[in-house]
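Thank you for making time this morning; I would like to walk you through one model, going slowly enough that you can follow along. Please have a look at the sequence and the fold before I begin.

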Amino acid sequence: MFAQSDGGKMNAQPITADIKGIMEIIPHRPPFLLIDRIISSVPGRNAVAEKGVTMNEPFFAGHFPGHPVMPGVLIVEAMAQAGAFSILSIPENKGRLAFFGAADKVRFRQQVTPGGMLRLEVEIVKLRPAAGVGRGVAYFDGNKAAEAELTFFLG
């Protein structure tokens, strides 16, 4: 996951993860685990994740009957989980939790409905030992569906 440089600093290498690998890093579990796989993540820098959106999701039963739409707050949560994977993949953060501090500049651009793929791209723009900020964009079937700036605290 990491390679040593000559100066003794850690140089992060991209990693991937299936659902089992995701659950080894972040504490979320179904039905609240909202990412299915990590396409690529450089620990502490970024993550690209995917979620297959199916009619079997429990939230579609009530949101909305006859016109199923993934709730926007869950799209933002999925972005946050992708960012948490990147942050919690850093060895020093193993076993910690990433908590929401804020969601700013949130914009929803397109509805997310059953039968498509949600792609989540999160860049960690600020990282300190106890907190950080990430910028996320969610794409649904290739179109921008949502974007947000996410602040988190590490516990």
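I will take the sheet and its strands to begin with, then the helix that packs on it, and finish with the surface patch and the salt bridges.

A word on provenance: this is a predicted model, in which local features need pLDDT of at least 70 and side-chain atom pairs count only at pLDDT 80 or more, while totals for chains, interfaces and linings use all residues. Residues are numbered from 1 along each chain as its sequence is written, and side-chain values use heavy atoms, with hydrogens and water left out.

Let me begin with the sheet. Seven strands make up an open sheet, in the order β3-β4-β5-β7-β8-β9-β6, and the pairing is antiparallel. At the edges sit β3 (15-17) and β6 (98-108), each of which pairs on one side only. From one strand to the next, the twist averages 20°. By strand I mean a DSSP run of E with at least two residues, and by helix a run of H or I with at least four residues, numbered from the N terminus; two strands are said to pair if DSSP finds at least two bridges between them.

Helix α2 (residues 72-88) packs on this sheet, touching β3, β4, β5, β6, β7, β8 and β9, and its direction makes about 55° with that of β7. Contact here means heavy atoms within 4.5 Å, and the angles, which run from 0 to 180 degrees between N-to-C directions, use lines fitted to C-alpha atoms, for helices over the stretch in contact.

Now to the strands themselves, starting from the β3 edge. β3 and β4 pair in the antiparallel sense over two bridges, with Ile15 standing opposite Ser41 in β4. Strand β4 (residues 37-42) is in turn joined to β5 by five bridges, again antiparallel, and here Ser41 has Ala47 as its bridge partner, while Ser40 stands opposite Val48. These two strands, β4 and β5, form a hairpin with three residues between them, and Gly44 in the turn has a positive phi of about 80°.

How is strand β5 (residues 46-53) placed relative to the rest of the structure? Seven of its eight residues are buried, so β5 is largely enclosed by the rest of the structure; buried means under 20% relative accessible area, exposed over 50%, and partly exposed in between, with a 1.4 Å probe and protein chains only. β5 also pairs with strand β7 (residues 116-127) in the antiparallel sense, over eight bridges, and Val53 has Gly116 as its bridge partner in β7. Further along, strand β8 (residues 131-140) and strand β9 (residues 143-154) pair in the antiparallel sense over 10 bridges, with Gly134 opposite Leu150.

Turning to the surface, Leu97, Phe99 and Phe153 make a nonpolar patch of about 280 Å². Patches are made of residues with over 30% relative accessible area and no salt bridge, like charges being joined within 9 Å and nonpolar side chains (Val, Leu, Ile, Met, Phe, Trp, Tyr) within 5 Å; accessible areas come from the Shrake-Rupley method with a 1.4 Å probe, and for residues only the protein chains shown count as cover. Leu97 lies in the loop between α2 and β6 and is partly exposed, at a relative accessible area of 34%.

Finally, the charged pairs. The structure holds seven salt bridges, a salt bridge being a side-chain nitrogen of Lys or Arg within 4 Å of a carboxyl oxygen of Asp or Glu. In one of them, Glu50 meets Arg37, with the closest N and O atoms 2.4 Å apart. Glu50 lies in strand β5 and Arg37 in strand β4, so the pair ties together parts that are 13 residues apart in sequence. Glu50 is buried at 12% relative accessible area, whereas Arg37 is partly exposed at 42%.

Another salt bridge joins Lys105 and Glu149 (3.9 Å, N to O), linking strand β6 to strand β9 across 44 residues. Lys105 is exposed, at 60% relative accessibility, but Glu149 is buried, at 16%. A further salt bridge, between Arg119 and Glu121, has its closest N and O atoms 2.8 Å apart. To close, salt bridges that share partners join Lys105, Arg135 and Glu149 into one network.
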